Each structure stands twice: as C-alpha cells, then as structure tokens.
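Student: Hey, can we go through this one together? I'd like to start with charged side chains.

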Amino acid sequence: MVKAIEAAGLPVVHMCTVTPISMTVGANRIVPLGNPALEKDEEYALRKGLVEKALKALTTEVDGQTIFDN
C-alpha cells in the first residue's frame, strides 16, 4: 500500500516497531517507534517527538529507502 500511495504522488511515512519489515514492504520514509521501558510521561514525550520526526520526513526529499532514526 505504501508504494501505491507514493506512486500516486503522495509522500508516506511508515512508522513501525520493526524496521526490517518496513524495508521489505518498500517504504521509503521509515520512523522507528516507542520504547516500552520508559515511564508514561517519558513515553508520551518520545511519541510526540516521533510524530514531529514523521512530519519532517514527509517534507524531506528522499532517493530510495531512508530510516529517520536520529
């Protein structure tokens, strides 16, 4: 589905817990998710940051598969 949406001209960010699966399905913008070891407030802050990262990834031109994990 990711490749079909991108083929229609819409950028897609695939947010996931297992990045090799995202690579297998052909996602070009990949953002790894979560950390179950964190406390509730820390996890909330992490997830908020991940959504912000995904929004930035949507506006980033990529040439092939790119994992946004920094």
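Student: Which residue forms a salt bridge with Glu43?

Tutor: Arg47 does, and the closest N and O atoms are 2.7 Å apart. Keep in mind that this is a predicted model.

Student: Where do Glu43 and Arg47 lie?

Tutor: Both are in helix α3, 4 residues apart, which is about one turn of the helix.

Student: Is Glu43 buried or exposed? And what about Arg47, buried or exposed?

Tutor: Glu43 counts as buried because its relative accessibility is 11%, and buried means under 20%. Arg47 counts as exposed because it has 52% relative accessibility, and the cut-off for exposed is over 50%.

Student: Why would side chains like that pair up?

Tutor: Side chains of opposite charge can pair when their charged atoms come close.

Student: OK, how many salt bridges does the count come to?

Tutor: The count is 2. Besides Glu43 with Arg47, there's a salt bridge between Glu6 and Arg29, with 2.9 Å between the closest N and O atoms. That pair links distant parts of the chain: Glu6 sits in helix α1 (residues 2-7) and Arg29 in strand β2, 23 residues apart.

Student: Are Glu6 and Arg29 buried or exposed?

Tutor: Glu6 is buried, and Arg29 is buried too.

Student: You mentioned β2, so let's switch to strands. What order do they have in the sheet?

Tutor: It's an open sheet of 3 strands in the order β1-β2-β3, with parallel pairing. The edge strands are β1 and β3 (66-67), and each of them pairs on one side only.

Student: How many bridges join β1 to β2?

Tutor: There are 4 bridges between strand β1 (residues 13-16) and strand β2 (residues 29-32). For example, Met15 has Val31 as its bridge partner in β2.

Student: And how many join β2 to β3?

Tutor: That would be 2, and these strands run parallel as well. Over there, Ile30 stands opposite Ile67 in β3.

Student: What do β1, helix α2 and β2 make?

Tutor: They make a right-handed β-α-β unit, with helix α2 covering residues 19-25.

Student: Can we zoom in on that helix? Is Ser22 buried or exposed?

Tutor: Ser22 is found in helix α2, and it counts as buried because its relative accessibility is 0%.

Student: What does Ser22 touch?

Tutor: If you leave out residues up to four places away in sequence, Ser22 touches His14, Cys16, Ala27, Ile30 and Gln65. You've met Ile30 already, standing opposite Ile67.

Student: New topic, the surface. Which residues form a nonpolar patch there?

Tutor: Met15, Leu33, Val51, Leu55 and Leu58 do, with about 380 Å² of accessible area together. Met15 is the one whose bridge partner in β2 is Val31.

Student: Which helix gives the most to that patch?

Tutor: Helix α3 (residues 40-58), with 3 residues. Val51 is found in that helix, α3, and counts as partly exposed because it has 44% relative accessibility.

Student: Last bit, the whole chain. How do the elements run from the N terminus on?

Tutor: They go α-β-α-β-α-β, so you can take the 3 helices and 3 strands in turn as you scroll along.

Student: What share of the residues is buried?

Tutor: Buried residues make up 23% of the 70 in the protein chain. The accessible surface comes to about 5000 Å², and 58% of that belongs to carbon and sulfur atoms.

Methods
Residues are numbered from 1 along each chain as its sequence is written. This is a predicted model: local features need pLDDT of at least 70, side-chain atom pairs count only at pLDDT 80 or more; totals for chains, interfaces and linings use all residues. Side-chain values use heavy atoms; hydrogens and water are left out. Patches are made of residues with over 30% relative accessible area and no salt bridge: like charges are joined within 9 Å, nonpolar side chains (Val, Leu, Ile, Met, Phe, Trp, Tyr) within 5 Å. Accessible areas come from the Shrake-Rupley method with a 1.4 Å probe; for residues, only the protein chains shown count as cover. A salt bridge is a side-chain nitrogen of Lys or Arg within 4 Å of a carboxyl oxygen of Asp or Glu. Buried means under 20% relative accessible area, exposed over 50%, partly exposed in between (1.4 Å probe, protein chains only). Two strands pair if DSSP finds at least two bridges between them. A crossover is right-handed if, with the strands pointing away from the viewer, the path from the first strand over the helix to the second runs clockwise. Contact means heavy atoms within 4.5 Å.
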